[in-house]
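The exercises below are to be worked with the sequence and the coordinates open side by side. Each task is followed by a solution that goes step by step.

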Amino acid sequence: MAHSRVRCHRSRCRFRACTVQWRQADRDVYGGCCRENTESVNIVTSQFDDSPEMSLGTTIYLDHAATTPTDPAVIEAMLPFWHETWGNPSSLYAAGRQARAALDRARATLAEILHCHPREITLTSGGSESDNLALRGVVAEARRATPQPHLITSAVEHHAVLHTAMALEKEGIDVTYMPVDAYGMVSPNDLAAAIRPETCLVSIMDANNEVGTINPIAELAAVARARHIPFHTDAVQAAGALPLDVDALGVDLLSLSAHKFNGPKGIGLLYTRRGTRWTPQITGGGQETNRRAGTENVAYAVGMAVALARAEVERPRAVAHCSVLRNRLIERVRAEIPDVRLNGHPTRRLANNANLGFAGVEAESLLILLDAEGIAASAGSACASGSIEPSHVLTAMGVPEPYALGTLRFSFGAENTADEVESVADLLPRLVVRLRSLATLMV
Ligand SMILES: Cc1ncc(COP(=O)(O)O)c(C=O)c1O
């Protein structure tokens, strides 16, 4: 679409004094007049179009673990729920019933993919809320029976779990943070040894968001099940990449977030197996069968269902496509750049994840140079209190600091191409050499 700006020059325009400028493409569609031939919504959206950041344009986007582009088919499926079927699904009249029917269909689709009953799905605002609800909900229930329940999680969880566990610890809950091996994996034997009589929940992530390592969830869940302890998995990074059959996994709670599988941001779900005891954390109305108050976002629920259905159908193709791109980048980087390490498991890793540590390079500097070249990736370190700290995941895996501080995550998606990977692999050796020589000069 052309992005040049043109003034409205229509001779009969009632708003001749206006300064609204049109994208050429919009003016062509609406006949050239700034307002007469169209609706105010176009004027409003054009304000947002002014931001150069809105369009990724020619960016090579390799940060799909952070978020994914919304699938146009998902947007299309959601639109009627703003324009036409915008009733409150709790209302009893026709508009409400239509919205309810759409919500029920969306929930049924999600349940079919997860192999569960629709009532076992609670819609949330995303992965963070689902994780919070799982941990806080089960712990709150356990507290009714045990003064100091015990929670088991792993040291490499997303902060949505880790910081929630830490907050619960401050509230008097006992927490064990399971160690991981050098690949970031939790051992079922270690889990068995960590369980205590007061353990009320085990929460171990399906696939790690930084290094892509896939945990043996079915085995871990079986250990917990044998002791009648509910097992939660954060499967936010697994959707569209790994099977989500909750029975095959043997999990009792599972978190998902739609924006990780080409759905809208701001919606997710928590699966809770029937019989699992947990206390709702958002109180108010009786929505979500009294489990999570608040008027449901029907459009987003529909969007999430369409996105997950499409991700499931596309999963084999997406996995094959992404693993080719991932392997090619890893292969070229290892062949052409010395002192590089692949973080995470060599084979039991997400098909779209290449997590690479470049010794002697500051990850943020490399990110900035890549960004200047139109490449979006993510760092495995963060600036904390003025100094650069390696990520908690790499630290728990024992990745040596020179590599941990120089770690970048490249995560691929269906729209990435082989040419894009070649461009990134062509560029990286030069950037790494430049940063390493700068680092040497500064010593
Ligand atoms: C593993 C994992 N859990 C939870 C979340 C939080 O999800 P949301 O952004 O939907 O709150 C993320 C997001 O990056 C994630 O990767």
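**Exercise 1.** Which helix gives the most to the shell around the ligand, and with how many residues?

*Solution.* Keep in mind throughout that the model is a predicted one. Begin with the residues around the ligand, of which there are 13, and note that Gly126, Gly127, Ser128, Asn209 and Ser257 come nearest. Next, assign the shell to helices: the most is given by helix 6, residues 127-143, which supplies three residues. Finally, sort the shell by class, which yields eight polar, three nonpolar and two charged residues.

**Exercise 2.** Determine the strand order of the open sheet of seven strands, and describe its edges and one of its pairings.

*Solution.* The order reads 4-10-9-8-7-5-6, and the pairing is mixed. The edges are strand 4 (121-124) and strand 6 (174-178), each of which pairs on one side only. On average, and with direction ignored, neighbouring strands of this sheet are turned by 20° against each other. For a pairing, take strand 5 (residues 150-154), which runs parallel to strand 7 (residues 199-203) over four bridges; there, Leu151 has Leu201 of strand 7 as its bridge partner.

**Exercise 3.** Which helices pack on the open sheet of four strands, and at what angles?

*Solution.* First establish the sheet, whose order is 11-12-17-14 with antiparallel pairing. Strand 11 is joined to strand 12 (residues 353-358) by three bridges, and Leu342 stands opposite Leu356 in strand 12. Then place helix 12 (residues 298-336), which lies across strands 11, 12 and 17 and runs at about 15° to strand 12. Helix 13 (residues 363-372) touches strand 12, strand 14 and strand 17, with its direction at about 45° to that of strand 17.

Key:
Residues are numbered from 1 along each chain as its sequence is written. This is a predicted model: local features need pLDDT of at least 70, side-chain atom pairs count only at pLDDT 80 or more; totals for chains, interfaces and linings use all residues. A residue is near a molecule or strand if its C-beta atom, placed from the backbone, lies within 6 Å of it. Helices (H or I, at least four residues) and strands (E, at least two) are DSSP runs, numbered from the N terminus. Ala, Val, Leu, Ile, Met, Phe, Trp, Tyr, Cys and Pro count as nonpolar, Asp, Glu, Lys and Arg as charged, and the others, Gly among them, as polar. Two strands pair if DSSP finds at least two bridges between them. Axes are lines fitted to C-alpha atoms, for helices over the stretch in contact, and angles run from 0 to 180 degrees between N-to-C directions. Two residues are in contact if their C-beta atoms, placed from the backbone, lie within 7 Å.
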